Amino acid sequence: MEITKDLYEKHYEIELCLDMMFINELGFLTSIRYLLYYRKCNFVEDNRYETYYKAIAKAIRVYNAAGFRIKTIKCDGAYRSLFDDIMDDMDIKMNYTNPQDHQSKAERNIRVIKENFRVTLHRTSYITIPKTMIKALAELSAERLNYFPAKHGISSYYSPKNIVTKKVLEYNKHCKYEFGEYVQAHHQNSKVNDMKERTIDAIYLKPNHNKQGG
């Protein structure tokens, strides 16, 4: 998707706000870049140093691929021991909050994602859902907030998803099914002509990030 170069040049160096979010004891690393309002939510399996490092590197890689450079990361002081290595390895400045304080923008982002999570969950007919669905819904709740232009963002025409991924939202790939909907999924691509079933009963979670979508 073609977007004017001056938009990228004006916002080339960015500040990223990070914090951990927990849903039913499952941890997620959330991030947001204000004014751009691009949100990410990545599941974190445990609290080991290597796991956090990979999750942060994954979030940073998205912006680097779009042509942005993360200049500063704002986060709670509790992550100081972890982020000191990131500062050295990736040449990023760290801005920690004071003791007992929280990064307000990151906290606000978490509240928005959780609100989206609750609304989507209550729209389904499920009373409880397994961990796999919790992980998918948490990531989807952040992802869908990127689909439309942000009210106070850097552009009134392009969504955060357009700006960062340079991809266009397509109804049949991204909006055709709702989270938790019962679907028939293809699981066999073989050309063997036999009588085995070609689809299975499944529950739709979220779209894939490939050309086929679905």
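A disulfide is a pair of cysteine sulfur atoms within 2.5 Å. Keep that cut-off handy for the first exercise, and bear in mind throughout that this is a predicted model.

**Exercise 1. Cysteines**

Work out how many disulfides the structure holds, then look at where cysteine 17 and cysteine 175 stand.

Solution.
- Step 1: the count comes to 0 disulfides.
- Step 2: take cysteine 17, which is in no disulfide; its nearest cysteine sulfur belongs to cysteine 75 and is 9.3 Å away. With a relative accessible area of 4%, cysteine 17 is buried.
- Step 3: turn to cysteine 175. Its closest cysteine sulfur is the one in cysteine 41, and at 19 Å that is too far for a bond. Cysteine 175 counts as partly exposed, since its relative accessibility is 31%.

**Exercise 2. The overall layout**

Describe the protein as a whole: how many helices and strands are there, and in what pattern do they follow along the sequence?

Solution.
- Step 1: count the elements, and you get 7 helices and 7 strands.
- Step 2: walk along the sequence and read off α-β-β-β-α-β-α-β-α-α-α-α-β-β.
- Step 3: put a box around the C-alpha atoms along the principal axes; its dimensions are roughly 65 × 40 × 35 Å.
- Step 4: check burial. Of the 214 residues in the protein, 42% are buried.
- Step 5: look at contacts between residues at least 6 apart in sequence. Of these, 56% link residues at least 24 apart.

**Exercise 3. H2 against H3**

Find the angle at which helix H2 and helix H3 pack, classify the arrangement, and list who makes the contact.

Solution.
- Step 1: locate the helices. H2 covers residues 49-66 and H3 covers residues 80-90; the axes are 11 Å apart and the angle is about 45 degrees.
- Step 2: classify it. Angles under 35 degrees would count as roughly parallel and 65 to 115 as roughly perpendicular, so H2 ends up oblique to H3.
- Step 3: the hand of the crossing is right-handed.
- Step 4: from H2 come Tyr49, Tyr52, Tyr53, Ile56, Ala57 and Ile60, and they meet Leu82, Phe83, Asp85, Ile86, Asp89 and Met90 of H3.
- Step 5: sort the residues of this contact of H2 with H3 by class, which gives 10 nonpolar, no polar and 2 charged.

**Exercise 4. H4 against H5**

Do the same for helix H4 and helix H5: at roughly what angle do they cross?

Solution.
- Step 1: H4 runs over residues 104-123 and H5 over residues 131-144. Their axes come within 9 Å and cross at roughly 120 degrees.
- Step 2: that value lies outside the 65 to 115 range for roughly perpendicular and is not over 145, so H4 and H5 are oblique to each other.
- Step 3: this crossing of H4 and H5 is right-handed.
- Step 4: on the H4 side you'll find Ile113, Asn116, Phe117, Thr120 and Leu121, facing Ile134, Leu137, Ala138, Ser141, Ala142 and Arg144 in H5.
- Step 5: by class, the contact of H4 with H5 splits into 7 nonpolar, 3 polar and 1 charged.

**Exercise 5. Positive phi**

Tyrosine 37 has a positive phi, and so does lysine 166. Place each one and decide: is tyrosine 37 buried or exposed?

Solution.
- Step 1: tyrosine 37 isn't a glycine, yet its phi is near 60 degrees. Its place is the loop between strand E2 (26-33) and strand E3 (38-44).
- Step 2: the relative accessibility of tyrosine 37 is 17%, and the buried class takes in values under 20%, so tyrosine 37 counts as buried.
- Step 3: lysine 166, also not a glycine, has a phi of about 60 degrees. Look for lysine 166 in the loop between helix H6 (160-165) and helix H7 (171-175).
- Step 4: with a relative accessible area of 37%, lysine 166 is partly exposed.

**Exercise 6. Two buried residues**

Say what alanine 136 and tyrosine 147 touch beyond four places in sequence.

Solution.
- Step 1: alanine 136 sits in helix H5 and is buried, at 7% relative accessibility. Beyond its sequence neighbours, alanine 136 touches Leu205 and Lys206.
- Step 2: tyrosine 147 is in the loop between H5 and H6 and is buried too, with a relative accessible area of 6%. Its contacts are Ser159, Lys161, Leu169, His174 and Pro207.
- Step 3: tyrosine 147 and serine 159 are 12 residues apart along the chain, with 5.8 Å between their C-alpha atoms.

Methods: Residues numbered from 1 in each chain as written. Predicted model: local features only at pLDDT ≥ 70, side-chain atom pairs only at ≥ 80, totals over all residues. Heavy atoms only, no water. Buried < 20%, exposed > 50% of the residue type's maximum accessible area, 1.4 Å probe, protein only. Axes fitted to C-alpha atoms, helices over the stretch in contact; angles between N-to-C directions. Helix = DSSP H or I, 4+ residues; strand = E, 2+ residues; numbered from the N terminus. Left-handed = near helix turned anticlockwise from the far one by under 90°. Contact = heavy atoms within 4.5 Å. Nonpolar A, V, L, I, M, F, W, Y, C, P; charged D, E, K, R; others polar.
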